[in-house]
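Q: Please take a close look at one helix packing in this model and describe how the two partners meet.

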Amino acid sequence: LWRRPARFGPRAREPPRVRAMAATRRNGSREPNKDPISPAPTDGYEEDFSESDDFQSDDVSDDELNVTPKWRKRAPQLSLLWKRPPGTIRSAISNRRRAIGSTGKKALRMAVTGDKSGVTRVRDFVKLPRAVQTIDKVSFTLGVVGLLVTQFVATEFPEFFHLYYLATAPGIFAYRAYQYYSIKYHYFLIDFCYYANAFHFFQILGGNTFWNIRGGNTSGEYGTAFGVAIFKMTFAYANGPILWAIPLWRNSLVFHSHDKVQSVYIHVMPALLTWCARWYGQADVLEAVPKIFAGDDDWLAKSTSSAKSSFEAFSAPVDAQTSVAQFLLYPTIGYLAWQIGYLLKTELVDVTRLDEDPELVTSLRWLAGDYKAGVTKFALRFSRRLGLFAKDELFDATSLKTKFVFVTLQLVYTVVTFLPIPLCYGNKTIHTSLMLLTFLSCIWNGAEYYIDVFSKRYAKKFEDGSFAKCSVRDEDTADALVKEHGEGAHGEANGDTSARVTSKETSKETSTRVKKRR
């Protein structure tokens, strides 16, 4: 069966010419054998008692012809399996897999596009006017249904709202990551709002059980100081910089736009999550989920008990020093940790990549180029008053001065939004009123978008054929152009005519002058 001793023995690495000459010597002929290791066509077997030491050659050394004597029996029927070129079986498997993939792709195209030939691609089909309108209708429907379901869970089962968050957030963040990577917006995914949402995951999945284990508490009570401190940090993030970002960045509740709905979700859900947990408790995930899947009829009562325990722990009074540390000091340290990591990523690890590709959009590049944004106007005006910038000098995303201004501005904004957190944490009315005001601004921004922008652009994009450009980046650019056309002029940097930003001065930043919805 092992018909090739040279493949495993001392002749394994000899060149084919040397093995052919050795076989010729053994056969007693000077003619080279074309296949010296294949069997003779006699009765199907070959016996070989020859020793390579009996044959010498001037062209081949003694070491090259030094073959250990072997008794070999070979079946010629099996030799066909070993004579296949290398990679034949692998290529056959790859071809078969490719054929199956093409068949499935054709079936998918037929199901989605309705083209029986399977030639029309899905990516081309979704750019047709009818498909674009259908996708917008589906997005609008899902947005409204999602709002209704969120309201139902928050009002009927507030102690289990974090389970709803855990079930919906991963899919939304995964889709947003895929979407933003395709349009080079993926550096927005490391902004502070995503860091705060990840911190909520840490707090929820740690939950009652983890904190009790760390604190050595086995009574089932949510009473460890570490767990309470972590929750208060998430409360500060959710109801501070993340919630105030809704009116600051003009998040809009536009149901047909999945990107805008996702932005609202990212900024609203943490506030709703902490509102439910603060005023109704938070059931233990590691205790509730296994009992639900196990069919335990008593899971609701036990989960309600753990939620009540967490509410009592969250409502426990603390002194002023501890309150300042939990609502201001610890959240600021967590924010600084994120800021340091962000700067290391963008200014050290990926600095070459960002310099080589100006189409990559970061928060700094967007803010430095959007002179219509209120934050940018205020930062430039204040920097000129301090003497950091000249009267006719604009922001440059690559300069150290611009980076310093925006990093400092964001730090000040974050700390300032932490200041009213103790009032919100201690009073349900104040907390609820703050959330309703920010939600109202979100709804108002959506109404402005539908009346001022959407009504003019949606019908026009089908008239001029621009519906094929259906990415988020193209929609942002179109929205910005509609707004600029409606206003009739470019925005001013500081309100005075000497510093008016003309189209010639900002031609380079026009492509990135878009509204970022984080």
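A: What follows describes one helix pair and its contact, then a salt bridge elsewhere.

This is a predicted model, in which local features need pLDDT of at least 70, side-chain atom pairs count only at pLDDT 80 or more, and totals for chains, interfaces and linings use all residues. Residues are numbered from 1 along each chain as its sequence is written, and side-chain values use heavy atoms, with hydrogens and water left out.

Helices α8 (residues 225-248) and α16 (residues 400-418) cross at roughly 115 degrees, their axes coming within 8 Å. Helices here are DSSP runs of H or I with at least four residues, numbered from the N terminus; axes are lines fitted to C-alpha atoms over the stretch in contact, with angles from 0 to 180 degrees between N-to-C directions. The α8 and α16 crossing is right-handed, the near helix being turned clockwise from the far one by less than a right angle.

On the α8 side, the contact (heavy atoms within 4.5 Å) is made by Ala 236, Tyr 237, Gly 240, Pro 241, Trp 244, Ala 245 and Leu 248. From α16 come Tyr 413, Thr 414, Thr 417 and Phe 418. By class, this contact of α8 with α16 has eight nonpolar, three polar and no charged residues, where Ala, Val, Leu, Ile, Met, Phe, Trp, Tyr, Cys and Pro count as nonpolar, Asp, Glu, Lys and Arg as charged, and the others, Gly among them, as polar.

Elsewhere, Arg 176 forms a salt bridge with Asp 259, the closest N and O atoms being 3.4 Å apart (a side-chain nitrogen of Lys or Arg within 4 Å of a carboxyl oxygen of Asp or Glu). Arg 176 lies in helix α6 (residues 161-182) and Asp 259 in helix α9 (residues 258-280), so the pair ties together parts 83 residues apart in sequence.

Notes. Helices (H or I, at least four residues) and strands (E, at least two) are DSSP runs, numbered from the N terminus.
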